[in-house]
Structures are given as structure tokens and as C-alpha cells.
Amino acid sequence: MAIVVATVVIVAVLAVAASLAPKPAGTTTETYSTFSESESVAGIAASHAESGTWSAELAAGVRIGSSLALPLANLTSLSNLTSNCSLSVLPGLPSDLTVDATPTSTPAGHAAFWLFGFSDGSGTLLLVSVDLGIPTALFSLTAGTCLGSSVSLDDFPSTEVDSPALVAAANASGGAAFLDDHPGAAQIFAGVGGVSYSVITSSPLWEVADTSCPLPYPINETGAAFNATVSGTGSVLTNSSGPVNCAAGLGSSLSGVALLDSPLERLAQAI
């Protein structure tokens with residue numbers, strides 16, 4: 001179930017986000033930031049957007065070679081998301097999505113764009129993006145309606161290692177060779193602090209996914225992908241690589257997508 005939630009984050013990154021907007025001083029981090037650096041400023045934005053004590057439960061970093069911009073003016077077009085999730089757009093959400101590019105010279109585990117899911121313990125997730133170091137609170141959703149009432153999420157623990165160590169472990173298990181063979185590949189690293197499902201509880205898990213498919217995905221093109229599932233302490237649990245159908249979107253590039261059901265699988269394939 002942890003990979004299910006990680007995939008939800010990845011889908012949300014490319015489905016709904018915000019373009020740059022002026023922010024008060026003290027709410028920026030370095031342009032190409034790590035998980036912990038981005039989480040810090042995203043948490044400030046979350047607390048400014050809505051009152052309460054917010055803790056990060058979901059995170060995703062995106063590294064792409066060219067900036068991606070998609071219109072968000074008509075959120076009802078995202079029917080696979082909005083028809084199954086109780087989603088509330090926060091005031092000031094821009095009409096366009098911007099996911100800025102990350103140069104190939106940027107160190108492993110750093111990214112121009114991050115998305116976080118924060119919880120106040122009430123079942124509400126507040127999504128916050130960090131693009132080029134600048135945070136923007138995006139929208140809130142009711143986790144139970146998207147993931148199922150039997151699923152609950154946990155905060156990232158203080159023992160969670162930072163993204164450079166997570167991605168370095170994935171790269172050492174085959175990711176670096178894949179990136180050498182596909183220098184223009186996109187890389188996505190998504191994690192969850194923990195998931196409780198029935199009597200099963202997971203510790204933190206991350207999915208590192210590299211794909212040669214360009215963004216946005218074209219129709220009828222075959223690409224390649226590498227995946228590694230990494231623990232919150234930086235140990236690689238599984239890894240795989242092989243051809244993917246780019247027309248199927250992110251769904252074909254993530255090893256955990258087979259666990260998805262209902263609207264989440266359809267939305268992953270639509271991107």
C-alpha cells in the first residue's frame with residue numbers, strides 16, 4: 001500500500017500544481033532542493049494556508065529536462081480525480097501548472113519541483129508544491145475518499161534519511177547505468193512516511209522511477225524505465241527495469257501501479 005500512496009503523489013504532481021508566485025521573505029530554500037530542505041519551507045506554507053499542526057506524510061520530487069506547463073483553468077476536466085476525491089482548491093491557485101526543469105549537473109536527490117502531502121490528523125491532506133525553492137499551498141482533499149477509509153497515513157519519522165541518500169542507493173542498484181544509457185530520462189522519487197491498512201503497517205518507503213518517455217507522454221511510443229523501492233533508511237528492497245508503453249503515462253513506468261485500483265489507476269494512465 002505504501003507504493004500505492006507514493007504513486008498517488010506522483011499523479012498529483014503532474015495533475016494539479018501551481019506556477020510561481022511572489023512569497024514573503026523566509027519561505028524559500030535553494031533552487032534545487034532535497035526532501036528535507038523542501039519539506040521545511042512547504043511546512044511553513046501549509047501552516048500559513050490553514051490553521052493547525054501539519055506534518056508531512058507524502059512527498060515527491062520531480063527531475064525533468066525541460067520545464068512542463070499545463071493549464072489548470074478547468075479542474076472539472078480532471079474527472080478521474082475530482083469525481084472520487086473530496087477536493088478543495090485553496091484561494092489563489094494559479095491557472096497554470098509549472099514543473100521546472102532540473103539540470104543534469106544537479107546532485108542526486110535534488111530537484112526543482114517537489115510536492116508534499118501534509119496532515120493535521122483529521123483525515124485531511126493539504127498539498128503544497130515547492131518549485132525552484134518557492135512553496136505554494138495548492139489544495140486540500142479528504143484522504144479517505146481517495147484512498148479508502150481503511151487506509152491511514154503516518155508522518156515521516158525523524159530517522160528518515162534525506163533524498164540524496166535514497167536516490168544514491170537506487171542509482172547504485174542500477175539507476176546510474178540506466179541514466180547513463182538514457183541521459184534525457186526523467187526521474188521521480190516519491191515516498192510515504194508509513195501506511196496502515198487493516199492490521200498491516202508499513203515503515204517509510206520510497207519509489208525511485210526513471211523513465212525515458214518524454215513529458216507529456218506521446219501516443220504509441222515505446223520507452224524504457226528503471227524502478228527501485230527504497231526503505232526510509234536507504235536500503236534498496238527491490239529494483240527492476242525494462243520497456244514501457246509511453247502512451248500509458250506514468251502508470252506504465254511505476255512498478256507499484258499494479259496495486260492501484262479505481263480512479264487512481266485511470267488517472268495515472270491518463271497523464
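## Strand β12 and its surroundings

Strand β9 (residues 186-192) and strand β12 (residues 205-211) run antiparallel to each other and pair over 7 bridges, where two strands are said to pair if DSSP finds at least two bridges between them. This is a predicted model, in which local features need pLDDT of at least 70 and side-chain atom pairs count only at pLDDT 80 or more, while totals for chains, interfaces and linings use all residues. Residues are numbered from 1 along each chain as its sequence is written, and side-chain values use heavy atoms, with hydrogens and water left out.

Within the pairing of β9 and β12, G191 has W206 as its bridge partner. Strand β12 is also joined to β13 by 7 bridges, again in the antiparallel sense, and here L205 stands opposite S231 of β13.

How many of the residues of β12 are buried? The strand is mostly covered, with 7 of its 7 residues buried, where buried means under 20% relative accessible area, exposed means over 50%, and partly exposed lies in between (1.4 Å probe, protein chains only). In a regular strand the side chains alternate between the two faces of the sheet. In β12, one side carries L205, E207, A209 and T211, the other carries W206, V208 and D210, and all of these residues are buried, so that both faces are covered.

The chain as a whole has 6 helices and 14 strands; helices (H or I, at least four residues) and strands (E, at least two) are DSSP runs, numbered from the N terminus. Buried residues make up 52% of the 271 residues in the chain. Among contacts with a separation of 6 or more, 69% are between residues 24 or more positions apart, a contact being heavy atoms within 4.5 Å.

W206 also takes part in the aromatic pairs, of which a search of the whole structure finds 8. A pair of aromatic rings is described by the distance of the centres and the angle of the planes. Rings of Phe, Tyr and Trp (its six-membered ring) pair if their centres lie within 6.5 Å, and planes under 30 degrees apart count as stacked, over 60 as edge-to-face and the rest as tilted. Two of the pairs are set out below.

| Pair | Centre to centre | Angle between planes | Type |
|---|---|---|---|
| F35 and W206 | 5.3 Å | 85° | edge-to-face |
| W114 and F116 | 5.8 Å | 15° | stacked |

The pair of F35 and W206 links distant parts of the chain, since F35 lies in helix α2 (residues 35-49) and W206 in strand β12, 171 residues apart. F35 counts as buried because its relative accessibility is 4%, and W206 counts as buried because its value is 1%. Both W114 and F116 are buried as well. One aromatic cluster is formed by F35, W114, F116, F118, F156, F189 and W206.

Which cysteines does the disulfide join? A search of the whole structure finds 1 disulfide (a pair of cysteine sulfur atoms within 2.5 Å), and this disulfide joins C213 to C246 with an S to S distance of 1.9 Å. The two cysteines are 33 residues apart, with C213 in the loop between β12 and β13 (222-231) and C246 in the loop between β14 (236-245) and α6 (262-270). Because the torsion about the S-S bond is about -85°, the disulfide is left-handed. C213 is buried, with a relative accessible area of 2%, and C246 is buried at 0%.
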